[in-house]
Amino acid sequence: MTDLAPTPTSAAAFVDDTYVAPRGVVATSMRFLRRQPVGAIGMVIVVVFGFCGLFADWLAPYSPTSNDFAAMTEPPSWAHWLGTDQLGRDILSRILFGARTAFIVGITSAVVGGFSGLVLGVGSAYFGGRIDLILQRILDIVMSFPLIIMALAVVSIFGTGIHNVIVAITIPLIPRCSRVVRSSALAIREVPYVDAARALGYGHSRIILNHMVPNVVAPFLIMLTSFVGQAILAEASLSYLGLGVQEPVAAWGLMLQGGAEEYASTAPWIAVFPGLAIMLTVFGINLFGDSLRDVLDPKMRER
Amino acid sequence: MHVAMRAAIGGAAAILGVGAAAVAAETPKRGGTLVYMIPSDAPPSLDGHRETTFATIHTAAPFYSVLMRINPDNPSSTNDFVCDLCTEMPKPADDGKTWTFKIRDGVKFHDGSPLTAADVGATWQAIIFPAQGTLSPRSANFMMVDKVEAPDASTVVFKLKYPTSAFLPALADPYGWIYEKKILDKDPHWYEKNVMGSGPFKFAGYETGQSIKGERNPDYYVKDRPYLDGFTGIFASKQATRIDALRADRASIEFRGLPPSARDELVNELGDKITVQDSDWNCGSVVTINEKVKPFDDVRVRRALTLAIDRWGGVPALSKIADVKTVGSIVFPGDPMAPNKDELTTIAGFWTDIEKSRAEAKRLLKEAGQENLTFEMLNRDVDQPYKYVGIWAVDQWSKIGVKVTQRVLPTGPWFEAERTGNFTVDLQANCHSIVNPLIDVQPYLPTSVSEQNYGNYEDPVEMDLYNKTLHETDPQKQHEAMFHFAKHVMDTQAHKLMMAWWYRIVPYRSYVKGWKISPSHYINQDLATIWLDK
Amino acid sequence: MLTFPTLLGAATLVFILMRLIPGDICLVRLGSGGTSFTAQALDACHAEIGIGRPWIVQYLEFLWGAVRFDFGTSMWSGKPVIAEIATRFPVSLEVAVLATVIAVSIAIPLGTISALKQNTWIDLLVRTVSIAGIASPSFWLGIMSILFVLDITQAITGHPWMPSIDYVPLWKDPIRNLSIVMLPALTVGYRYAAVSMRMTRSAMLEVLREDYIRTARAKGLLEKIIINRHALKNALLPVVTVIGIEFAFLIGGLVVTEQVFNLNGIGRLMVLSVQNQDYTLTQGLVILIVTIAVVSNLVVDLFYAWLDPRIRLS
């Protein structure tokens, strides 16, 4: 990690260097893999689970939802590699399909929350004045509001289910993202070239898209990655409280709720494997995110 | 694993046999404090007259006496009524319209004031005819009562509008705690936050949402009772906490009931240190169909849904993981009015050949043009047994090609959805404290008769069948009448899909003696008979 | 002054959210027993609680009360909201303080070492352990730790042991109290330490590259002095922010942990009050939590000013 290229002097230069340069995604990834072996491990974990989720239909040996009363709480065996749960459902199949649910929840929440935050943050910073003030106050409210009450209310009003879980998880992500984006964007706003662009009569959207957005991309991407992990964990916690995805959908958090706790000492495989799946995935995402930060944040670069 | 589980269940049964025999043989020991768990969060108040949750009973019942009740030594009986504060179970006079109770002498409230018929009269007056601004959710059970009088210090008289066999079971209400008249007169809301009774235990402390404590009442009117020096009830809403606490002996018992997995775990780990009592529970899991919603107005669709469910195959398996066990009709299994197995297997969905049943279901759906039926089932956000029965039902319906998803709601929104008809199919529970089939099936009567029936249908034929059953006095003929009624509700019209009866399993530390299980977790909770063999 | 609109906004938000939930407290109260109830009983309950009154009246009443620190009585228990909260507050506060102490005493030394020994096996180990802490669901750690204690004690003594489930306040029985609170504080503290450790490490790395540290090193100052006097103090800035925010979150944020360990705290009360649709109690709780969040932000700002004289309080 010490053989990195000379440190770019500004975020803008760096971002251009990595993301806009026509080096291609593959080449960039390869460079990342070579220089951040730890991050690469994280990426591999994430890709493997993502692959499982995508191709669960082909990979899963059994249906994730069908009950088999002849095979209840069976320990891992050749027929059921990870055992079966109390309803005789194959745990491996449920974990594979659960990966899909996890990534749907994680990525949707992160992307929707992240992009809403990006738009609000950049907009707030760019327009400033009253718009900024009002937006920040609203975000303050959302940020200080107890999340659990928000989540409980959303679920009580709309009912449980994957869409409402995503809503409950996404809402608190918006102000957090917008905060960070806004402060990065504010720093750029004062830079002379933005004034120059304005003086030249460029439109708002052009200035925002061409000058401000690229400058906040680095912190934004880092945050987006960590949001995916946080959303997967949040889904698990909500499920534990009975507010998550509903049975019989296969979801890791749901697999840990109720039954897993009940059987934790008599049939530990019911609880251990989905727990491991969550831990590994979020672990991988965080490893990847950390390395991404090392690469993207010029201040964090090693000398 | 299978072998292990079966061994555990067998072991539990063996232990139960020993335990039951031991109760009769041993002489009770005095002393000790019973620590038990209450599987809920804090009840809204300590006032039994106004609450409906068992949490209020499990919290405060040991502080109170009642007029009469189901025999605590024979709690599984449905009609063994005995006196608590009265001296002798009365014979009705005036063609069954006047019931006169004599009250025990020398009973004292915990504050030292004597308990007289005036207190009993005032209590029942408050329950049956609540004053403006006070809540009495069970007052409707006493529609037959004309007035309550206390002509002298030891006599209470109930005058009925008409004679009925529903009166005594209603009066045995486990919430009918006798309060002090002078307190009720001063402030009808006093008992919500305070305790003043004449029961076996005196109030010793209450931490909201945390614990309730009681100490022995030395002036209790039953000689040598209670055996315990005191008790601590701890609120523990998470099941895992309760199982762990039993395992580590931080608590000795939880009276409501735990699922089979908990029983197996505890028996496996602790062997004969755990005793298990179990019983059919007067609660049934029932699917209600909203017949205002198409295509569920079509009886063929409703019958197909009940025909798809393999009760004989599924419920025994389900009973290993959920607190349900018995396949039965809408009448409490074991009651003389309940259909026998031959009768039961003639009802749709209870046939012994599930393939034939499902073929018929598919045929009916095809005939109704609903081969691709999909719907959303409303369910309550409670694990046992709602969630398990729900998962099972969804899987069963998939076998006839019906795709079902679940909408799970917390208690408040769930009731609101039911009441406003904002659902198509709903997994409910029908629970009662004292077994009384004639009253218990009332929630299945047409909507205009029973406001608790959320099925939104009218059915005069059903009403005729019910009235015939209600007024039949010959037991054999009443059994037959009830069967015709049940078959109409469950098969001919398929208004209600009876899924399974709940099963109450109470595993506890073997040193706890003197407590007997009943089909209701509401009754027999005053702890007066319990003692510790330590 | 900026806190006022936040409080008002949060108050309005909770007021509306609670009333959008279908059903009401009377349905929960009458129905939660599983037995059926009559419309008559429902009406009586509604009349008693005053649920039918116009929203605007209820809203103004709530605001007027909140200004005077009077949140009314809980619709569920009839007790004052303040009293309901006061019963639960000490438990949550205790776990939060203990978890913070645990987290800080682990995170700052380990984070600093990790930064100083960057890319050595120590750094890798510390980072792996801390990322694992962030990656595991906290309720899961809780469940596992209870089982672990039960199994270990059973293996050693033959009798499974767990802490008492009957909570006592610290001043009444410190040993029993600590035995109850320790496990939850440890599980919460682990995740919390993981977050703070990462923050300490990256802040430290950043500071170590600053010119003045390099100058100090060039001047041959002792490494210990450089670290303690110059680097750590500056690196603590962002760490303090994280600790402040986390601490505020812990009060009322330990919903899941309080469930797992059967602690009668603020987090569980929040879940209960929303599930019971107890408008007044939920409103009081939200005002409390938002106030704590706002105040802890203020404290963090003050601390900043103390650590870094360049920042002036405006």
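The exchange below goes through chains A, B and C of a predicted model and asks what stands behind each term.

Mentor: The model is predicted, with local features needing pLDDT of at least 70, side-chain atom pairs counting only at pLDDT 80 or more, and totals for chains, interfaces and linings using all residues. Residues are numbered from 1 along each chain as its sequence is written, while chains are lettered from A and ligands numbered from 1 in the order in which they are written.

Trainee: What makes B:Asp94 count as exposed?

Mentor: A residue is exposed if 12 or fewer other C-beta atoms lie within 10 Å of its own, buried if 20 or more do, and partly exposed in between, with C-beta atoms placed from the backbone. B:Asp94 has 11 such neighbours, so it counts as exposed. B:Asp94 also has a positive phi of about 60 degrees without being a glycine, and lies in the loop between strand 3 (81–83) and strand 4 of chain B.

Trainee: Why is B:Asn456 called partly exposed?

Mentor: Because B:Asn456 has 16 other C-beta atoms within 10 Å, a count between the two cut-offs. B:Asn456, not a glycine either, has a positive phi of about 55 degrees; its place is the loop between helix 15 (437–440) and helix 16 (460–471) of chain B.

Trainee: What makes residues 98–102 of chain B a strand, and which way do the side chains point?

Mentor: Strands are DSSP runs of E with at least two residues, helices are runs of H or I with at least four, and both are numbered from the N terminus. In strand 4 of chain B, B:Trp99 and B:Phe101 point to one face and are buried, whereas B:Thr98, B:Thr100 and B:Lys102 point to the other and are not. In a regular strand the side chains alternate between the two faces of the sheet.

Trainee: How do you know that strand 4 pairs with strand 6 (residues 155–160) of chain B?

Mentor: Pairing requires that DSSP finds at least two bridges between the strands. Strand 4 and strand 6 of chain B have five, in the antiparallel sense, and B:Thr100 stands opposite B:Val157.

Trainee: What makes strand 7 (201–207) of chain B an edge strand?

Mentor: Strand 7 pairs on one side only, as does strand 10 (253–254) of chain B. The open sheet has five strands in the order 7-8-9-1-10, with mixed pairing. Six bridges join strand 7 to strand 8 (residues 211–216) of chain B, antiparallel, with B:Glu207 opposite B:Ser211.

Trainee: How do you know what span to expect of helix 7 (residues 138–157) of chain C?

Mentor: The expected span is 1.5 Å times one less than the number of residues. With 20 residues, 28 Å is expected, and helix 7 of chain C reaches 28 Å from its first C-alpha to its last. Its buried residues include C:Phe139, C:Trp140 and C:Leu150. Just after the helix, C:Gly158 takes a positive phi of about 90 degrees.

Trainee: What makes residues of chain B and chain C count as in contact, and how many are there?

Mentor: Two residues are in contact if their C-beta atoms, placed from the backbone, lie within 7 Å. On that basis 44 residues of chain B contact 45 residues of chain C. Helix 14 (411–419) of chain B is one of the contributing elements and gives the largest share of the chain B side, six residues.

Trainee: What about chain A and chain B?

Mentor: That contact takes 23 residues from chain A and 27 residues from chain B.
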